[in-house]
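Got the viewer open and the selection box ready? Let's take a walk through this one, stop by stop.

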Amino acid sequence: MILFPAIDLKDGQCVRLKLGEMDSATVYNKDPAAQARAFEEQGFEWLHVVDLNGAFEGQSVNGAAVEKILKATKNPVQLGGGIRTLAHIEAWLDKGLARVILGTVAVRDPDLVREACKLFPGRVAVGIDAKGGKVAVEGWAEASELGVIELAQRFEGAGVAAIIYTDIDRDGVLTGINWDSTIELAEAVSIPVIASGGLASLADIVRMKMPDAARLEGAISGRALYDGRIDPAEALAVLNDTFTIEAAKFEEADRS
């Protein structure tokens, strides 16, 4: 089970949004590369990066910042936002990304996703962002009529490395992950699922260790890490079974 710290890039800075609204961005670090190094030093083993401008504009915008991040950390990095062509996919993988995340193109051109999976096995993930149970595209600016599970099942057997599932209604507002929908998705497909959107406290980390969440690959954390609501050492200890679930529950109850 992996906890992926998130770096969301807007205008070259590390920010967090609320409910996917670009106007609600809070800047947490003007140096994303330094933030990447900090996450590695805290013990995280992966990094989740999103080019927010790219997601809205349909092409990579924060490329320079991403390249600095890749040079700053030894951790594998997954990147989403504005990656829409095979040429873009290949270019980013050649620069050292562990895997790319395809969102809008998974809805618009699923055959491209399947082709990418064949060309770059194990290095292509699909991002499914949903609002009210329906998939959103173009940086969450447009709604589709596709259901989450319907879209995910289109890629069964295609070689997708993971599905990153985000509940937009919970993103950045610290209300807790939508565990019901996330686990329902994980049980409906054989592709590993990564939970995203709303991770709020150590209680969510503990929830990741429950038996019904065993099929998840992990979860993404953003604002809760930046705001100090989650202590990295405690969270990683829970996931590594060096901090007992009982102790974690006690700590969480004590804080409240």
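Where is the place of T182? Select it and you land in helix 8, residues 179-188. Helices here are DSSP runs of H or I with at least four residues, strands are runs of E with at least two, and both are numbered from the N terminus.

A word on ground rules before going further. This is a predicted model, so local features need pLDDT of at least 70 and side-chain atom pairs count only at pLDDT 80 or more, while totals for chains, interfaces and linings use all residues. Residues are numbered from 1 along each chain as its sequence is written, and side-chain values use heavy atoms, with hydrogens and water left out.

**Around T182**

Stay on T182 and turn on a surface. T182 is buried, at a relative accessible area of 1%. Buried means under 20% relative accessible area, exposed means over 50%, and partly exposed is in between, using a 1.4 Å probe and protein chains only. Now show its surroundings: leaving aside neighbours within four places in sequence, T182 is in contact with Y165, I177, V193, A195 and L216. Contact means heavy atoms within 4.5 Å.

**Zoom out**

Show the whole chain as a cartoon: there are 12 helices and 12 strands. Of the 256 residues, 56% are buried. Taking contacts between residues at least 6 apart in sequence, 69% join residues at least 24 apart.

**The cores**

Next, pick I7, V113 and I205. They have the most contacts inside the largest nonpolar core, which has 70 residues. A nonpolar core is a set of buried Ala, Val, Leu, Ile, Met, Phe, Trp, Tyr and Cys residues joined through side-chain atoms within 4.5 Å. Apart from that core lies another of 10 residues, A6, I164, I194 and I220 among them.

Go back to I205 and show what it touches: not counting residues up to four places away in sequence, the list is L3, L199, I230, A235, V238 and L239.

**Helix 11**

Three of those names lead on, since A235, V238 and L239 are among the buried residues of helix 11. Colour residues 232-239: this helix is mostly covered, with 7 of its 8 residues buried. Besides those three, the buried set has P232, E234, L236 and A237. At the N-terminal end, select D231, which caps the helix with a side-chain oxygen 3.1 Å from the backbone nitrogen of A233. After the helix comes D241, with a positive phi near 65 degrees.

**Helix 1 and helix 3**

Jump to A34 in helix 1. A34 counts as partly exposed, at 25% relative accessibility. Draw a distance from its C-alpha to that of I69: 7.9 Å, for residues 35 apart along the chain.

I69 is one of the buried residues in helix 3 (residues 63-72), together with G63, A65, V66, L70 and A72. What covers them? The cover includes strand 1, helix 1, strand 4, strand 5 (77-80) and helix 4 (86-94).

**Ring hunting**

Switch on the aromatic side chains. How many aromatic pairs are there? The count comes to 4. Rings of Phe, Tyr and Trp (its six-membered ring) pair if their centres lie within 6.5 Å; planes under 30 degrees apart are stacked, over 60 edge-to-face, and the rest tilted.

Start with F4 and W46: the centres are 5.7 Å apart and the planes at 55 degrees, so this pair is tilted. F4 sits in strand 1 (residues 2-10) and W46 in the loop between helix 1 (32-41) and strand 4 (47-51), 42 residues apart. F4 is buried at 0%, and W46 is buried at 17%.

Then select F39 and Y226, an edge-to-face pair with 5.8 Å between centres and 70 degrees between planes. F39 lies in helix 1 and Y226 in helix 10 (residues 223-226), so the pair ties together parts 187 residues apart in sequence. Both F39 and Y226 are buried. Add Y28 and F44, and you have the cluster that ring pairs link together with F39 and Y226.

**Charges over rings**

Return to W46 and add R99, which lies over the ring face at 4.6 Å from the centre. Then try K95, whose charged end sits over the ring of W92, 5.0 Å from its centre. The rule asks for NZ of Lys or CZ of Arg within 6 Å of the ring centre and within 35 degrees of the ring normal.

**Last stop: cysteines**

Select C14, buried at 0%, and C117, buried at 4%. How many disulfides does a search of the whole structure find? It finds 0, where a disulfide is a pair of cysteine sulfur atoms within 2.5 Å.

Key:
A polar contact is a pair of N or O atoms within 3.5 Å; within protein, one must be able to donate a hydrogen and the other to accept it, and residues adjacent in sequence count only if both atoms are side-chain atoms.
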